[in-house]
Amino acid sequence: MALALPRRGLAQIAALIVILLIDRMVSPQFFDLRLQDGRLFGSLIDVLNRGAPVALLALGMVLVIATRGIDLSVGAVMAISGAIAASLADSHAWPVAVAAALGAGLLCGLWNGFLVAILGIQPIVATLILMVAGRGIAQLITEGRIVTFTSPDIIWFGTGSLLGMPAPVVIVVGMLIVTGLVVRGSALGLLIEAAGGNARASELSGVGIRTMVVSVYVWCSLCAALAGIIAAADIMGADANNAGLWLELDAILAVVIGGTSLFGGRFSLVLAVCGALIIQAMNTGILLSGYPPEFNLVVKAAVVLVVLLLQSPRLSDLVANYRKARA
Amino acid sequence: MQETAEARQPLLDVRGLSKSFAALRALDQVDFTLRAGEIHALLGENGAGKSTLIKVITGVLARDAGTVSLDGKEIVPRSAKEALTAGIATVYQEVNLLPNLSVAQNLYLGRQPTRFGIVRDGEMKRRAAELLAGYDLHIDVAAPLGSYSVAIQHVVAIARAVDLSARVLILDEPTASLDRHEVEMLFRTMRGLAARGIGIVFVTHFLDQVYEISDRITVLRNGRLIGERMTSALPRLDLIHMMLGRELSETTEERAVHEKSAAAPCASFTNFGKRGYIAPFDLELRHGEVVGLAGLLGSGRTETARLVFGAERADSGTASVEGKPIRLHSPRDAVQHGFGYCPEERKTDGIVAELTVRENIVLALQAKRGIAKPLSRREQDEIAARFIKLLDIRPPDPERPIGLLSGGNQQKALLARWLATEPRLLVLDEPTRGIDVGAHAEIIRLIRELCERGLALLVISSELDEIVAYSDRVVVLRDRAHVGALDEHAIGVPSILAAIAADDAARIAEEA
Amino acid sequence: MRRPSPVMITALVFVAGFVICSLQFPNFASTRVVANLLTDNAFLGVVAIGMTFVIISGGIDLSVGSVIGFSTVFVALTTEKLGLPPLLAFAILLVLCAAFGAAMGAVIHVFDMPPFIVTLAGMFLARGISFLMSTESTPITAPLYSAVSDFGIALPGGGRLTAIALIMLAVVAFGSILLHFTRFGTNVYAMGGNRTATALMGVEIGSMTVRIYMLSSVLAGLAGIVFSFYTAAGYSLSAVGVELDTIAAVVIGGTLLSGGQGTAIGTFIGVLIQGLIQTYINFDGTLSSWWTKIATGVLLFAFIALQQGMVRLAGRSRAIRAGGVT
């Protein structure tokens, strides 16, 4: 119930299916799956696996955007958390490394939440600070090197598997369920949608907006920290310069594709993850079709524009006027 | 000046103007005549249609029917810019200039003197200073507009409008945030312009100012023209009656006689106030009793409500519930103590338009229970269904976005939002505003019912006979202060009108 | 607009920073260091002036870094592969950039979309196109390039004012005049102050939006040309993340991120402050370059907090005056 697909998600699901079918046309083996060493392999699994970090980011970002905010710092938070996890991976037990990385995410989220909810700074400006400084902090932790590690426990987060699925996919599914339970199992989801839809009315109904906004930014940073661990584990090292670079933009894009308005209000976790998968399915398709991967960005730009145009109230006005004029 | 104004032909002539929003008639066949060189006060309570009239005249809203003529020539402006070109300028309470630009830049934006594309700053400043000197205003025109008082900003806005060849000047609540000295400065400017033959429409809710400056008065109520009078020939009591009272034939509500022995106190406020917002007041609200707040627009009614609900934080006095002192710093506190508040501005402060009726109804209850104790979907459905039935919300579909409902049904859903929290005190700010006649009567019936069930109610309304119909006590407000109270036996439209106006008269006498 | 305080603070920060550096490193206070500061940050200065217009008007342009990258690749390919004379290549490039910026501005205005997301699409698009053109670094060998890099006005004390530093200074001067002394500039401030009021006062918001983003993209294109002079190469990965440095420079320069206030000269000093931090780190030798980002972040926070405080104060005094009128 908590994760039920809203009816309005049909467009996104359809888009995902169409893109997967196109991928299938480009690469006939696209839907092939094989089991090897107890883990599934195949292009489909690859889409899920590669899409995991952005899906995680989107899970947190969708809540932030639903409150009418935005978090530009998630890429930098990924870099910080990856750097911490990598630095501690070989010297400490894995729970310590993971807890430290998540703890850093928590602090980043509190910082962002403090700026937005307590100081009242516009979200885009507030999170810009950590976006700029965060990567510097990450480099400070790694001392400018690419820190590599060999701890198999941490590496599991990137390349391991559980129940035949790659670990990142399992983590995303787990986080989706946890987030879904937290948000829809409590009243948080309703209150976020109310506050994002009309903050004044919600406040006058007794909704405590500040705490809610802070907790949403914290959750977003925690998701980013987890994504940072996965990204570090994937390459068995932390690259403070490139980890999570531009992923904040992909995450925002995923949320927007998932039908959540940048102006807050109604949101859907499942569709945000679906948006992340759509982006990844496009990336994979372009890769498989032999086009240079650089083509990705151009396609992405086109998708951003099309999705935004479809959501733009001005466009529906124009269309309505045009119809009226013709009638 | 009045005699000369009378003789001139109408400068602005509005005939039979109508405008509807969905089912609501905001303007119904309104006539309005402005003569050159006169200052004409346009009066009425909130929702009377003043701002709609201005917006339709200036082309911000499209009219449904009627004509507007300027100097005998019919005009149909489609935007404020076109109206300005035609010669009608509007200066709003929120000055529509740019506080971050200099005074001179504001005066000449878009028409600065230039040489080779470079603005001739010295020339522009010289001209600006000269222009303002004509208004007896000698200020540094290079300083940002925002660094000056609102009064000066108003004069600058007026100077710009007049310099752009306006012949009709509409001033919408220009004095609302001015002190006495600033008001005088603005009035000097207005008189000077009237003497130059410019027609001025003056919208305000300060009756003293109306009598001080205006030549003529037009009163609107519920979107209809109530009448046009010469100011000098209209006693204050009659004016207030025109604004608030209904014609006898219109009166549909009868006063219900409540025979109650002293009810138990529910919430009381002692010396409760906020500096610059509302003067400290004492207010006791009892179970099963309706207290009406009466007064003109801007008298402090909404301010009282917001303070009682914690939406504004009081800086003096104490609040207590059932005899125990409470902390009242935010709406959250108020909700925890069992208060509810239906604000006047339903759209911006009440409903969450994109959420469903069900979600809107359970919102306050959910906020009261806290995030960790969610209402199950079954409970939500049950609550929504119960109140949709109880209050007859139409269409009876809990899953419809509330933004699609009519005003009356939105209001009922907001009432349901609070009733679901089982409140002890409900504050209703203009609960019948903008609602069609049928729903209007229902809401009044509801207020009585709620009261009988032991709820304490604090109700604000501009409709005096409505207040008379349901109130057990009436508190009269003026100039952001509680100035009197009428108990059960003294309540009646004439007595309330007298209380509002008597105080007025007393004040005039005092000043004189 | 004529409020000097934020710029004064920026200037004070720069002077204080420079004094600290000079005290710590004996040969810091020299024309050589100053000239290098100008040369090394020339492209940033050029693009930041464009961003200043955008931010003062209440918008933001995330595409500038990508446009710089695109420009270097475009210039390199057209001169090296197609053999166009560099000046012709520049002209074509600037026209393309103008069209690009105009298109973004038009989309923002016509569809009433947040500039942030539209220029984000522009950022993807420009970077993607430059990737498609070439993924390798292409050295530029046109004679003009060696002539430009040989050019320099010798300053007393060993410094050399290079051509690209001069271009930046010219852009700063041009930007200052355009922003502070023309109708266009005043309209930019007006839009950032209150869009509705500006429209009511007769300014064509649509055409202004188009022209502002056009200006930003053209200056980003020019910054790309400057960057190609600086590196003598075209590379699609150049200037990644420069939009952030640019926004930071503008904010540190005292421009209000929500629009309506700021100066071109402040932005110029903001650029110099970022350069100063970098120079300090180079001189120190033991510090690593990531401190630049942290220091920038700290400054960014300080200035945003300062602005927020000032806006709050202004709001509070207004609220008291207005007395909460309903």
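Start with the contacts inside chain B: among those with a separation of 6 or more, 69% are between residues 24 or more positions apart. A contact here is a pair of residues whose C-beta atoms, placed from the backbone, lie within 7 Å. Before going on, some housekeeping: this is a predicted model, with local features needing pLDDT of at least 70 and side-chain atom pairs counting only at pLDDT 80 or more, while totals for chains, interfaces and linings use all residues. Residues are numbered from 1 along each chain as its sequence is written, and chains are lettered from A and ligands numbered from 1 in the order in which they are written.

Chain B carries 18 helices and 22 strands; these are DSSP runs numbered from the N terminus, helices being H or I with at least four residues and strands E with at least two. Its radius of gyration is 25 Å, which agrees with the value near 24 Å for a compact globule of 512 residues. That radius is taken over C-alpha atoms, and the globule rule is 2.2 Å times the number of residues to the power 0.38. Along the principal axes, the C-alpha atoms of chain B fill a box of roughly 70 × 50 × 45 Å.

An automatic or database domain assignment cuts chain B into domain 1 (2-100 + 144-234), domain 2 (236-338 + 424-512) and domain 3 (349-422). Between domain 1 and domain 3 of chain B, the C-alpha centres are 40 Å apart.

Now to burial. In chain B, 52% of the 512 residues are buried, where buried takes 20 or more other C-beta atoms within 10 Å of the residue's own, the C-beta atoms being placed from the backbone. Strand S15 (residues 290-294) of chain B has five of its five residues buried. In a regular strand the side chains alternate between the two faces of the sheet. For S15(B), one side holds B:Val290, B:Gly292 and B:Ala294, the other B:Val291 and B:Leu293, and both faces are covered.

What does S15(B) pair with? Strand S20 (residues 456-460) of chain B runs parallel to S15(B), joined by four bridges, and strand S21 (residues 473-478) of chain B also pairs with S15(B) in the parallel sense over four bridges. Pairing takes at least two DSSP bridges between two strands. B:Gly292 is opposite B:Val459 in S20(B), and its bridge partner in S21(B) is B:Val474.

On to chain A, with its 14 helices and six strands. Its radius of gyration of 20 Å agrees with the value near 20 Å for a compact globule of 327 residues. Buried residues come to 56% of the chain.

Chain A meets chain C through 34 residues on chain A and 34 on chain C. On the chain A side, helix H5 (123-142), helix H13 (295-311) and helix H14 (313-326) each supply at least two residues, with H5(A) giving the most at 12. That side has 23 nonpolar, seven polar and four charged residues. Nonpolar covers Ala, Val, Leu, Ile, Met, Phe, Trp, Tyr, Cys and Pro, charged covers Asp, Glu, Lys and Arg, and the others, Gly among them, are polar.

Finally, the largest nonpolar core has 396 residues, and A:Ala58, B:Leu169, B:Leu457, C:Val46, C:Val47 and C:Val226 touch the most other members. Helix H10 (residues 209-235) of chain A gives the most to this core, with 18 residues. A core is a set of buried Ala, Val, Leu, Ile, Met, Phe, Trp, Tyr and Cys residues joined through C-beta atoms within 7 Å.

Note on methods
Two residues are in contact if their C-beta atoms, placed from the backbone, lie within 7 Å. A residue is buried if 20 or more other C-beta atoms lie within 10 Å of its own, exposed if 12 or fewer, and partly exposed in between; C-beta atoms are placed from the backbone.
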